[in-house]
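Here is a short briefing to read alongside the model. Please keep the viewer open as you go.

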Amino acid sequence: MADAHVLIIEDDADINEIVATRLARAGMTSTQAFSGTEARLVLDASAAGPGFSLVICDLMLPGLTGEELVSLIRARDQELPIIVISARTDASDKIDLLRLGADDYLTKPFDLDELVARIEVQLRRRSRGGSGRPAKGGALTFRSWELDPAARSFCAAGEAVELTRLEFKIVEILMGTPGRAWSKQELFERAWGEPYAADDNTLNVHISNIRTKLRASGTDGYIKTVWGMGFKLSE
């Protein structure tokens, strides 16, 4: 997407340069960082300005690791899309990164056109508030939860809870239909705006993250697992 500004964090200079060149062909600008330490300095500097549209981050970095950077970014910004690129192929690595707050995970070696396509998906998602269609106005309430799509705010038992874009969309969908049991496929496709892969554990990880954030309010039990199907809110 034109005008997107991407931060590329990759210590392999050849890969970094190839990615930057491909993004330029797609009409995007990029800032390149070659270590975790340099990336943190760039992120600190961007906090005073317009910032980035998306971050591409390797895991095996000198200085700060990719995992540490993902955590740092999420502590500052729940909205900024993060795509992790790594030679690690274990499913547990992907799950761990999603739990930290990454939005997508691409294993090396990767196709540059696929990377661009995934970037475009994340940018469209962000521009639409994280859903396959624009969010509608009107605050939602469920028991002691309050969610305002227009203000992009969510409170549980009177306390503000910070949710990522996708976490917010999942909660919004569930609150919009209290008592309805959503299949994993339905919930994923509504929140992500793309086809569901039956072996993809991404939705489970995001539900787990939401429950963890709600534990302090004592409302994590509102989200019930419907065994063999998916999830629903408990009346």
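In which loop is the place of Pro-109? Pro-109 sits in the loop between strand 5 (104-107) and helix 5 (112-127), and the peptide bond leading to Pro-109 from Lys-108 is cis, with omega near -5°. Helices (H or I, at least four residues) and strands (E, at least two) are DSSP runs, numbered from the N terminus.

This is a predicted model, in which local features need pLDDT of at least 70 and side-chain atom pairs count only at pLDDT 80 or more, while totals for chains, interfaces and linings use all residues. Residues are numbered from 1 along each chain as its sequence is written, and side-chain values use heavy atoms, with hydrogens and water left out.

**Backbone points**
- Arg-143 is not a glycine, yet its phi is positive, about 50°; look for Arg-143 in the loop between strand 6 (140-142) and strand 7 (145-148).
- Arg-152, in the loop between strand 7 and strand 8 (153-156), also has a positive phi, near 55°.
- Gly-193 follows helix 7 and has a positive phi near 70°.

**One side of helix 7**
- In helix 7 (residues 184-192), the buried residues (buried means under 20% relative accessible area, exposed over 50%, partly exposed in between, with a 1.4 Å probe and protein chains only) are Leu-187, Phe-188, Ala-191 and Trp-192.
- These residues lie on the same side of helix 7 because they cover an arc of only 105° around the axis, taken from the directions from the helix axis to the C-beta atoms.

**Salt bridges**
- The structure holds 13 salt bridges, each being a side-chain nitrogen of Lys or Arg within 4 Å of a carboxyl oxygen of Asp or Glu.
- Asp-44 pairs with Arg-76, with the closest N and O atoms 2.5 Å apart; this pair links distant parts of the chain, Asp-44 being in helix 2 (residues 36-46) and Arg-76 in helix 3 (residues 66-76), 32 residues apart.
- Asp-44 is partly exposed at 36%, and Arg-76 is partly exposed at 47%.
- Lys-213 forms a salt bridge with Glu-167, the closest N and O atoms lying 2.7 Å apart; Lys-213 is in helix 8 (residues 202-214) and Glu-167 in helix 6 (residues 165-176), 46 residues apart.
- Lys-213 is partly exposed at 30% relative accessibility, whereas Glu-167 is buried at 2%.
- Within helix 6, Glu-172 and Lys-169 are three residues apart, about one turn of the helix, and form a salt bridge with closest N and O atoms 3.7 Å apart.
- Glu-172 counts as buried at 11%, and Lys-169 counts as buried at 8%.
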